[in-house]
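Trainee: I would be grateful for a close look at a single strand. How do its side chains point, and what lies beside it?

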Amino acid sequence: MDWVSDNDEKDSDNFSWDTDENDKESPANSPEKALEAGPSQPSLYSHFIGMGFHRDMVEKAIKENGEGNVETILETLLTYSAIGSNTLSEHEDVLECEDAPERNPVGCSVTSDEDFFYDDLLDSDDSLDEDFKEGLPKKDQKLLTLVDMGFSPEEAAAAIDRCGVDSSVLELADSIHAAQMAEEPDGTGWGYSRPRFEAAEGSSYCSARKKRRLMEEKRRLKRSCLSQRRGDYVKRSSMDFEDAPMVIPKPMIGFGLPYEKCITRRTLPEAAIGPPYFYYENVALAPKGVWDTISRFLYDIEPEFVDSKHFCAAARKRAYIHNLPLENRFPLLPIPAKTIQEVLPVTKRWWPKWDHRTQLNCLQTCIASAKLTDRIRMALENSSDPPTPRVQEYVLAECRKWNLVWVGHHKLAPLEPDEVEMLLGFPNNHTRGGGISRTDRYKSLGNSFQVDTVAYHLSVLKRMFPNGINLLSLFSGIGGAEVAIQKLGINLNLVVSVEKSKINRNIVRSWWEETRQKGDLIDLDDVQQLNGDRLESLIKRYGGFDLVIGGSPCNNLAGSNRHTRDGLEGQHSSLFYDYFRILDLVKCIMGQSS
């Protein structure tokens, strides 16, 4: 027989099985027709001029690449701006350079090029500028506004792609700052020249009304400390992190386990010392360099690598970065069982001697199919007793992969949702009922915290906050952090829970009501919409947050995802930067109000 397993259901949220299709651009008009159309009829030509490139530069790039590939044209334009004046030598009579102390890589003053273009296109009436923007698509309007604020076109376009066209200008600017910090080589400035497209003082484009608007945007931007405090957060080493990634310790016991000798002291950077305290979690076995990057953003704090097999009967290799004290930790009682047969005693009767598993592997968001378990049953029935080594090897490989347990003679089955809840430390029926399907239960549980592990780390809060805490829970899922804190006997005076899944929000709301919590639960659906104004309002109303906790999506980090394992640049896992952005805003706003 050919021992090949299959699975009927593939979890699209945990694994990116599909590829994103690029939006198809409609054919653009020629440069000549664009000039005839004017600003009221935006074309490919005016689109790139609107990004801040010179008209002659745009015309040359379109002629070289044709009109069918917008990305290639943009790449060519950026190349022109970076490699020198030779690329446009044939247009030297048009691009007249003016003497200036600061010049762009092409050799001409950026502001003089800007003036040349806008003087021709817009004349001196600022209302024409507004009319021109209104005629553009929403994406181009925001791109122009970001360019006005001093960001380069490529930075602005990348931010809009990351955050979406409906994001506010402030959120887009925050995203650009986060990306800048990830690229900055020494924390003091860019490692290579980047073109800036800023309107010159006194030019027709830089009208009084526009100046006032830009100043207002910049004042709002300062509410985020990202740009002001890069040097504190981004401390790049000269080493290549791809060649020397952070070493994951073995065994994964973090800074210590219950009832064992542990590290009780560590030195935190001054900027990391609470309040507020923070706690960030994600998969330990991420692509190279990921935890180095996360650590640098979170104040250069060393991650605490922990495998939950030391707290329950299932492995769950995770890393945690936090600024909590290490002294006086204590575990939840009673201590959970740590072997399969202790947790699931009904399996003991059917467990064969040749299956030496004592613990389960990481609990995932999908389960084995009925076809697979039936194929295993047939293989065992058609083999000897005990099975041949080849059959044993096949069966054990599938058992480890899918966490199958013995439920009868030659019968294996995946864990039930109630059993997964128990292994992860949640109350009975935490995800059951309320119209939630079995598939949704597995998905929600597979993406959750292991409650006992998290509770051990958070246990230090009980002495520190005897009157209860205010919690900001980002990517809160089914409320693993909230359940851990409640099990520790800490009152939840306020929980602001931010979770995209409506199903998960309903689970948390149901748990909140069933446990008769006396505090306030505010649930929001998108971390990207949580901005400085909303945070300032909440902090002013409730007096700040004591703990900011969260674990951003691991879709692009998990080793089981072989399709889009793109690290922190992936569509989902890049939301880590929103955790950092929000934490930074909370610290900044609370620091100003103290």
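**Strand β6 and its neighbours**

Mentor: From β6, the residues Ile469, Leu471 and Ser473 point one way, while Asn470, Leu472 and Leu474 point the other way, and all are buried (under 20% relative accessible area with a 1.4 Å probe, protein chains only). The model is predicted, so to speak of local features requires a pLDDT of at least 70, side-chain atom pairs count only at pLDDT 80 or more, and totals for chains, interfaces and linings use all residues. Residues are numbered from 1 along each chain as its sequence is written, and side-chain values use heavy atoms, with hydrogens and water left out.

The strand comprises residues 469–474 and is mostly covered, six of its six residues being buried. Strands here are DSSP runs of E with at least two residues, and helices are runs of H or I with at least four, numbered from the N terminus. In a regular strand, side chains alternate between the two faces of the sheet.

One partner of β6 is strand β7 (residues 492–498), with which β6 pairs in the parallel sense over six bridges; pairing requires at least two DSSP bridges. Within this pairing, Ser473 of β6 is placed opposite Ser497 in β7. Between β6 and β7 the chain passes through helix α20 (residues 480–487), and this β-α-β crossover is right-handed, that is, clockwise from the first strand over the helix to the second when the strands point away from the viewer.

Strand β9 (residues 547–550) is also joined to β6, by four bridges, and the two run parallel. Here Leu474 stands opposite Gly550 of β9. Ser473 thus faces Ser497 in β7, and Leu474 faces Gly550 in β9.

Methods: Buried means under 20% relative accessible area, exposed over 50%, partly exposed in between (1.4 Å probe, protein chains only).
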